[in-house]
Amino acid sequence: MLKRLLALLAVSGSAAVVAGGAAAAPLPMLHTAGTQWLDPAGRPVILRGTNLGNWLINEFWMMDLGGDQDDQCTLEATLERRFGHAERERLMRLFRDNWITARDWDLMRRHGLNVVRLPFIHSVIEDERRPRQLRADAWRYLDDAIRQAEARGMYVILDLHGAVGSQGWEHHSGCAGKNRFWSVPEYQARTEWLWQQIAARYKDNGTVAGYSVLNEPWGTTPQNMAAVVGKLYSAIRAVDPNHVIILPGHSQGIDAYGKPADKGMRNVAFEMHPYPGHFGWGAPGLAVHREWLTCGPDGKGGVCEWDARLRRLDAAFYLGEIQPWALLGQELGGQVARASFDTYAKYGWAATAWSWKVVTRTGGHGTGKWGFVTNAPGAGVPALDFQTATLGEIDALFRSFGTQPYELHQPLLHWLTIDQARSIQDIHDTK
């Protein structure tokens, strides 16, 4: 048993959690200056939220179907080969119309979240058959997400998760094993075009908190990544002088960028994805999170090291993906999640957890799935193979995502929404 609970680190009195109920107009546009995220009056704000993973770019593990090499491109190619292009398009719309619905948006606000990161693949907007042309329904899902968020007083960060050609080898870049974005100049030019279309549409929309220009662009060197992202920055700024542009980190960090101001960059934030306890960074448990959140044995590592780095660079920070509760046990997971969000808030960092919703064959949170919500026990995902399933079976599966009963991670909900002024014992003393 825990002898003491995790600390809920106090939020600085100079910063406020941006919150609100129904909003009749776009939210006040945010910007960054130095290491801070600020509202139009120059007051620091705190953004804490979630990712809408598997909605506008598929990751099969999040619905317990397929393997590591199954991806958006594989799914669409399979559906098109079996049923034709028009039916493929209908099925993808059906999936997207049901994976995230109004109940999800309502539950996000119930969890006290005030920002969502919206990962999407380029072909949600660009017509894959006609490069540099918009789809007829190009803005269907981005517009809807912004409307839904705005109505609940929540911001949206637009995240190009899958660029044309794929910016990495991983399945979550859209097409596993490709990584051609870096070697084909036309793909980079099309991505500049894409961001200019997005910027032109949303340049005056305050509900959009920022543009995350490339997710985990690890398929090249840090130096080339920084150079290409610099071109994306310039392309966006030519259209949109207003929004925060989020500069993605490499797996090796952000040092290749140098100090943004020295490169003529303004109103930017760096992005990294810290995952203590996962992907080779220790094992899930209290120890790895405590060391990260409390700066390590010497008091200079973990979040303190990143705070010092960002102060040197005079830049704001965005933790685009975090996962502080999975596999920890539900009660401890809820406490670590709250301590993590509050620690990041203390430094003025925005943070969004991966991910909102993960469903499985059996349902239930168990020791802590990667989602805020999951499907309830007894409402499991069927063991469906897209290569052999009938059209009716696939149709029924996609429809079911909109109505399947949810199980909430109740300790996570409790700890994220408990009164922020409540004080409990220090994380250093947790045993």
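This report describes the cavities and pockets of a predicted model.

**Overview**

The four spaces are listed below with their volumes and the class make-up of their linings.

| Space | Volume | Lining residues by class |
|---|---|---|
| Largest pocket | about 720 Å³ | 17 nonpolar, 11 polar, 8 charged |
| Second largest pocket | about 290 Å³ | 7 nonpolar, 6 polar, 6 charged |
| Largest cavity | about 50 Å³ | 1 nonpolar, 1 polar, 6 charged |
| Second largest cavity | about 30 Å³ | 2 nonpolar, no polar, 3 charged |

**Pockets**

The largest pocket holds about 720 Å³ of space. Its lining counts 36 residues, and those nearest the centre are Glu-216, Trp-218, Tyr-275, Phe-279 and Glu-321. Two elements, strand S10 (268-272) and strand S11 (316-322), give two or more residues each to this lining. S11 has the largest share, with 3 residues. By class, the lining of the largest pocket comprises 17 nonpolar, 11 polar and 8 charged residues.

For the second largest pocket the volume is about 290 Å³. There are 19 lining residues here, with Cys-73, His-122, Val-164, Gly-165 and Cys-175 lying nearest the centre. Helix H1 (72-83) and helix H5 (185-202) each contribute at least two residues to the lining of this pocket. H1 gives the most, namely 3 residues. The class split for the second largest pocket is 7 nonpolar, 6 polar and 6 charged.

**Cavities**

At a cut-off of 30 Å³ or more, the model has 2 cavities. The largest cavity encloses about 50 Å³. Glu-76, Arg-88, Glu-89, Arg-96, Ser-123, Val-124, Glu-128 and Arg-135 form its lining. Helix H2 (residues 85-99) supplies the largest share of that lining, 3 residues. Of the residues lining the largest cavity, 6 are charged, 1 is polar and 1 is nonpolar.

The second largest cavity has about 30 Å³ of space. Its lining consists of Arg-96, Val-124, Arg-135, Asp-137 and Tyr-141. Here 3 residues are charged and 2 are nonpolar, with no polar residue.

Which residues line both cavities? Arg-96, Val-124 and Arg-135 appear in the lining of the largest cavity and again in that of the second largest cavity. Asp-137 and Tyr-141 are among the residues lining the second largest cavity, while the lining of the largest cavity includes Glu-76, Arg-88, Glu-89, Ser-123 and Glu-128.

Terms used:
Residues numbered from 1 in each chain as written. Predicted model: local features only at pLDDT ≥ 70, side-chain atom pairs only at ≥ 80, totals over all residues. Heavy atoms only, no water. 1 Å grid on protein atoms, 1.4 Å probe; cavity = no way out; pocket = protein on both sides within 12 Å on 5 of 7 lines; lining within 4 Å. Points joined across faces, edges and corners; volume = space filled by probe spheres on them. Helix = DSSP H or I, 4+ residues; strand = E, 2+ residues; numbered from the N terminus. Nonpolar A, V, L, I, M, F, W, Y, C, P; charged D, E, K, R; others polar.
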